[in-house]
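Let's take a walk through a protein model together, one stop at a time. Keep the picture open and follow along.

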Amino acid sequence: MKKIIMFFKKNMKAKKMILYRLLTYFPNRYQYARFGKGSLIYFPMLVNNKKCISIGENVTFRERLRMDAIKCMNDQYFTPRIIIEDNVHAEQDCQIFAANLVHIKKNVTLSSHVFITDAEHEYRGVEHESILKQKLIFGKTIIEEEAFIGIGVRIIKAVHIGKHAVIGANSVVTKDIPAYSVAVGNPAKVIRKYSHKMKQWENITSDAEEYYEISDRSF
Ligand SMILES: CC(C)(COP(=O)(O)OP(=O)(O)OC[C@H]1O[C@@H](n2cnc3c(N)ncnc32)[C@H](O)[C@@H]1OP(=O)(O)O)[C@@H](O)C(=O)NCCC(=O)NCCS
């Protein structure tokens, strides 16, 4: 017992972590649709409609997460779901918004300042005072297993990001990104793709990109 007390006295970080887990785990299990073992969402955070959000096991969201399952906007009603599978790790200042479905699969990494949504504001009706009064157009945003989303990436509409895809820092994703590819820029374009046949990464010219995008769509 003395040893344990000494350990905590010396190791402030371990003390803080255990306290964090004790304070948050049981409320989270009750509040979320699911909150898996070993998962942790650091304070401060702003999470709305937790019953629409399922968190797998060993998930970490660092400080200042904003996650919103949008149930209603103006006169539109939604049945949103946010599914975060096991071992997803997200750095600070991430934002996730879903009006329909945002599904982040196992072992995905979100670097800091990543923005993810499945919806966008209609802007075409010029009679409205504010674009926010126009309807929300939504789809499904699915990020497949092992994908790596670089720092500052914005996923600004419903897209599918394939398995083990890498999205370069500060990229803006507006279209599907195939599995085992590297995409960069605004808008994000595929620059490299893994050839399972040749067992190596190959550079992609802009002409070939369309071929990969269409042939690799897997959902
Ligand atoms: C995408 C990434 C993985 C590519 O790395 P790489 O395979 O070593 O690529 P290279 O450095 O050889 O770059 C290839 C080309 O893409 C360009 N490029 C690379 N990353 C880019 C980015 N984020 N945005 C725009 N262009 C980028 C390079 O300028 C280069 O262009 P060129 O061929 O015209 O010279 C890397 O650049 C990246 O952005 N990593 C994410 C870093 C990050 O977010 N870290 C957070 C840590 S938690």
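Our starting point is Arg64, which counts as partly exposed because it has 17 C-beta neighbours inside 10 Å; being buried would take 20 or more. Keep in mind that this is a predicted model. Arg64 sits in the loop between strand 5 (60-61) and strand 6. What sign does phi have at Arg64? It's positive, about 65°, even though Arg64 is not a glycine. That's worth a second look, because most residues other than glycine have a negative phi.

Glu146 tells a similar kind of story. Its phi is near 70°, again a positive value in a residue other than glycine. You'll find Glu146 in the loop between strand 17 and strand 18 (148-149). Glu146 is partly exposed, because 18 other C-beta atoms lie within 10 Å.

While we're on backbone quirks, check out two prolines. The peptide bond from Phe43 to Pro44 is cis, with omega near -10°, and Pro44 belongs to the loop between strand 2 (40-41) and strand 3. Asn186 and Pro187 are also joined by a cis peptide bond, with omega about -5°. Look for Pro187 in the loop between strand 23 and strand 24.

Now step from Arg64's loop into strand 6, which covers residues 65-69. Which residues make up its covered face? They are Leu65, Met67 and Ala69, while Arg66 and Asp68 form the uncovered face. This back-and-forth fits a general pattern: in a regular strand the side chains alternate between the two faces of the sheet.

Strand 6 also has partners. Strand 3 (residues 45-48) runs parallel to strand 6, with four bridges joining the pair, and here Val47 stands opposite Met67. Strand 11 (residues 95-98) pairs with strand 6 in the parallel sense too, over four bridges. In that pairing, Arg66 stands opposite Gln95.

Next, let's head inside. The largest nonpolar core has 48 residues, and those with the most contacts inside it include Ile82, Ile96 and Ala98. Several strands each supply at least two residues of this core, among them strand 6, strand 9 (81-84) and strand 11. Nonpolar side chains tend to be buried together in soluble globular proteins. Want one residue to zoom in on? Try Ile82: leaving out residues up to four places away in sequence, it touches Cys52, Ile53, Met67, Ala69, Ile96, Ala98 and Val102.

For another style of pairing, find strand 24 (residues 189-195) and strand 25 (residues 200-203), which pair in the antiparallel sense over four bridges. Lys193 has Glu202 in strand 25 as its bridge partner. The hairpin made by these two strands has four residues between them, and Lys199 takes a positive phi near 55° there.

Helix 2 (residues 12-31) makes a nice contrast in scenery. Its 20 residues reach 28 Å from the first C-alpha to the last, close to the 28 Å expected at 1.5 Å a residue. How many of those residues are buried? The count is zero, so to speak a helix that is hardly covered. Helix 2 also bends by about 30° at Thr24, with a proline, Pro27, following within four residues.

Finally, a word on confidence. The protein averages a pLDDT of 91, and 93% of the residues score at least 70. Over residues 211-219, though, pLDDT stays under 50, and the model has 17 contacts beyond four places in sequence for that stretch.

Notes. Residues numbered from 1 in each chain as written. Predicted model: local features only at pLDDT ≥ 70, side-chain atom pairs only at ≥ 80, totals over all residues. Buried ≥ 20, exposed ≤ 12 C-beta atoms within 10 Å, placed from the backbone. Pairing = 2+ DSSP bridges. Core = buried A, V, L, I, M, F, W, Y, C linked by C-beta atoms within 7 Å. Contact = placed C-beta atoms within 7 Å. pLDDT = per-residue confidence, 0-100. Expected span 1.5 Å × (residues − 1). Bend = angle between axes of the 7 residues up to and from the residue.
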